[in-house]
Amino acid sequence: MNLKNLQMKMTNEEIQDAIHIKAYSKITFIEMQIKSLQKELPVGAYTQEMIDNQIKFNKRDLQVWNQIMELNGKIESII
């Protein structure tokens, strides 16, 4: 298989759409993870502190992806 044939140029609009779709998907997944972790109970070596730290990490990650989504929207309006 020739890899050069697989390389396709994307338009700016296609890139913006791909960013939006990927960011939306990631945001939705992180939100589901947070909801699941909030229901999680500490079991064995899995402490409440560990659960809380995972929730904090996911909330921070969510902020980053929301910012990416917002910046992508600003770029879309310029183009």
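1. Let's start on the outside. Met10, Ile15, Ile19, Val64 and Ile68 come together as a nonpolar patch on the surface, and their combined accessible area is about 360 Å². Two elements give two or more residues each to the patch: helix H1 (12-39) and helix H2 (48-78). Keep in mind that this is a predicted model.

2. A word on Met10, one of the patch residues. You'll find Met10 in the segment before H1. Its relative accessible area is 46%, so Met10 counts as partly exposed, since that class lies between 20% and 50%.

3. Now the inside. Nine residues make up the largest nonpolar core: Ala23, Ile27, Ile30, Ile34, Leu37, Ile51, Ile55, Leu62 and Met69. H1 and H2 each supply at least two residues of this core. H1 has the largest share, with five residues.

4. Ile55 is a handy core residue to click on. Leaving aside residues up to four places away in sequence, Ile55 touches Ile34, Leu37 and Gln38. Of these partners, Ile34 and Leu37 are also listed in the core.

5. Last, have a look at Asp17, which is in helix H1. Is Asp17 buried, exposed or partly exposed? Asp17 is partly exposed, because its relative accessibility is 38% and the class runs between 20% and 50%. Asp17 also makes a nice pair with Gly73 for checking the fold by eye: the two are 56 residues apart in sequence, while their C-alpha atoms are 9.9 Å apart in space.

Technical notes: Residues are numbered from 1 along each chain as its sequence is written. This is a predicted model: local features need pLDDT of at least 70, side-chain atom pairs count only at pLDDT 80 or more; totals for chains, interfaces and linings use all residues. Side-chain values use heavy atoms; hydrogens and water are left out. Patches are made of residues with over 30% relative accessible area and no salt bridge: like charges are joined within 9 Å, nonpolar side chains (Val, Leu, Ile, Met, Phe, Trp, Tyr) within 5 Å. Accessible areas come from the Shrake-Rupley method with a 1.4 Å probe; for residues, only the protein chains shown count as cover. A salt bridge is a side-chain nitrogen of Lys or Arg within 4 Å of a carboxyl oxygen of Asp or Glu. Helices (H or I, at least four residues) and strands (E, at least two) are DSSP runs, numbered from the N terminus. Buried means under 20% relative accessible area, exposed over 50%, partly exposed in between (1.4 Å probe, protein chains only). A nonpolar core is a set of buried Ala, Val, Leu, Ile, Met, Phe, Trp, Tyr and Cys residues joined through side-chain atoms within 4.5 Å. Contact means heavy atoms within 4.5 Å.
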